[in-house]
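Student: Please take a close look at one part of this model, the place where the two chains meet, and set it in the context of the chains on either side.

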Amino acid sequence: MVSRTRLREQATLAALAALVLAALWHVRFFEANWPRAFHNLWRFLGDATPEAIDPDFAAAVGVALLETLEIAFLGTVLAAVVALPLSVFASRTFGGPAASLALRGVLSFLRTVPSFVWAIVFIAMVGLGPLPGALAVTLYSIGYLSKLYTEILEGVNPEIVEALSAAGVSRWRIAQHAAIPESTHLLLSQTLFVFEYNVRASTIVGLVGGGGIGFLMARAFDLYRYDLLMVALLFLLVLVVAVEFLGGRLRKTYLPEPVAVPA
Amino acid sequence: MAEALSAPVVSRSVPAVELADVSFRYPRAAAPILRDVSLRIPAGTSVALMGANGTGKTTLLRLMAGLVAPTSGTVRTAAGRVGYIPQQVGLVGRLSVEENVLHGALSRAGAWQALTNRFSDADRSRARRAIEDVGLAGREEEPVARLSGGQRRRVAIARALVQEPELLLADEFLANLDVAKAAELLDLARSLQRSGVTVVLAMHDLVLAKGAVDRIAFLRDGTIGAVVPSGHVTAEQVRWYLGHA
């Protein structure tokens, strides 16, 4: 005899499968001509395979990648500088209830709007190029970093806060002198993570005109030069892997978990 | 060592802390943790709060420190400067001994001083003296995370000393310490009291408490059963405290 729990599990699985099928039908998965699709893919890969790497284009890719790194770096550092004090006020531990709620709303809005949409807004303001890209990445990262920082600050040992509160120290001073120093490792680690993420985000903002490698890729796409697109993509892949590798090494070397002697 | 501590003038007739019919219930808790607690602690005296885990000692200290407000009743703290040492001492493990001790001077630092992390020479020498008083001279630059439990408690006391407290509240003051280290800390608490500070310690060890404080307040099930001079604890009170009354 099948138990009730087993029946419930089977019913849940069946419902999930039905939902997946309905979603596939809705996106017209079953209407697609799949043999033709794979034929098209084969043809695209043929067009995108570069016969040789043009040194001039490779140099342009190098400059564009540097610009992408600059956008990601600036966006992360500027955002970190703004996000840290905002996170103090947005945290339930250190901010007032009303200020915290209002600020959380604003910061939530900043990260809800994708970075490429912010890029379009800044392009309308200052024109094409790396500047709107950097501004877009900064704004989005303020929202994103604030969320991470706020959670870190709220996780600080409450006894530290209580000991200093009882001594009459203001919440802001407790955050500055105790909570932030106590969480330095986590704050830096998350900032590094956002920088790694921003290297990819900077490519996306470039696609809509925000400078860097994304901008170059968009031009290659416009000209149907899939071979150039592929070269840029390969270089980008190398950059992303290198940044993540370096980030991992930096974390391991300079941001090890603090080792406490047992009390 | 701690004899050198400066002694504020206190009057033992004035209560440093006075609780009248205090009850406290944590949000969403089924029952109050403290019920109708009344306690008067004259300035310059010392009291040990004794009771099993969960009897409300920490809550009582947090009420005295002004960290929470009573659900009913009143808490009056005459002491202006309150030093509070939580159960796990509440130090910043990544910072040095001196940096943690200087936190005691944060409340009186000017806005610019606090923002730029530049303490006055007077605060710095006060911190050095406090570190010396608790027997940690020479370890000023050491990160607190590397210290033992007893040493961390000493750092917390030094932080409280820099505040120049009129009232010192310490939770589980002797937790995880061997008898020798516990006795050293109690010596420190006694010399603080001699210098005029009102001392309230939450602790478990009746034998150590008897020689170290003026009075013992026995807590059970959220109420204070008795407040007795530490030299006059009766067997009946001990039985009540241990839950065999």
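Tutor: What follows starts at the contact between the chains, then goes into chain A and after that into chain B.

The model is a predicted one. At the contact, 21 residues of chain A touch 28 residues of chain B. On the chain A side, the elements that give two or more residues are helix H7 (158–166) and helix H8 (171–182). H7(A) gives the most, with seven residues. By residue class, the chain A side divides into 12 nonpolar, five polar and four charged residues.

Helix H8(A) also has buried residues: Ile174(A), Ala175(A), Gln176(A), His177(A), Ala178(A), Ala179(A), Ile180(A) and Glu182(A). The cover over these buried residues includes helix H3 (55–90), helix H6 (130–154), H7 and helix H9 (184–207) of chain A. H7(A) therefore appears twice, as part of the cover over H8(A) and as the element that gives the most to the side touching chain B, where a residue counts as in contact if its C-beta atom lies within 7 Å of that of its partner.

The rest of chain A is helical in its assigned elements, with 11 helices and zero strands. Read along the sequence, the pattern is α-α-α-α-α-α-α-α-α-α-α. The C-alpha atoms of chain A fill a box of roughly 70 × 70 × 40 Å along the principal axes. Its radius of gyration is 24 Å, whereas a compact globule of 263 residues would have a value near 18 Å. Buried residues make up 36% of the 263 residues in chain A. Of the contacts in chain A with a separation of 6 or more, 74% are between residues 24 or more positions apart.

Chain B is assigned two domains: domain 1 (1–81 + 167–245) and domain 2 (95–164). Their C-alpha centres lie 25 Å apart. The contact between these domains takes 11 residues from domain 1 of chain B and 10 residues from domain 2 of chain B. On the domain 1 side, helix H6 (residues 179–194) of chain B gives the most, with three residues. The residues on that side divide into eight nonpolar, one polar and two charged.

The nonpolar interior can be taken next. In soluble globular proteins, nonpolar side chains tend to be buried together. Here the largest nonpolar core has 141 residues, and those with the most contacts inside it are Ala232(A), Met50(B), Ala158(B), Leu169(B) and Leu201(B). Leaving aside neighbours within four places in sequence, Ala158(B) is in contact with Val101(B), Ala130(B), Ile131(B), Asp133(B), Val134(B) and Leu136(B).

Two backbone details in chain B remain. Most residues other than glycine have a negative phi. Asp21(B), in strand S1 (residues 15–24) of chain B, has a positive phi near 50°. Asp21(B) is exposed because 12 other C-beta atoms lie within 10 Å, and a residue counts as exposed at 12 or fewer. Asp36(B), in strand S2 (residues 34–42) of chain B, also is not a glycine and has a positive phi of about 50°. Asp36(B) is partly exposed, with 15 other C-beta atoms within 10 Å.

Conventions. Residues numbered from 1 in each chain as written. Chains lettered and ligands numbered in written order. Predicted model: local features only at pLDDT ≥ 70, side-chain atom pairs only at ≥ 80, totals over all residues. Domains from an automatic or database assignment. Contact = placed C-beta atoms within 7 Å. Helix = DSSP H or I, 4+ residues; strand = E, 2+ residues; numbered from the N terminus. Nonpolar A, V, L, I, M, F, W, Y, C, P; charged D, E, K, R; others polar. Core = buried A, V, L, I, M, F, W, Y, C linked by C-beta atoms within 7 Å. Buried ≥ 20, exposed ≤ 12 C-beta atoms within 10 Å, placed from the backbone. Rg over C-alpha atoms; globule rule 2.2 N^0.38 Å.
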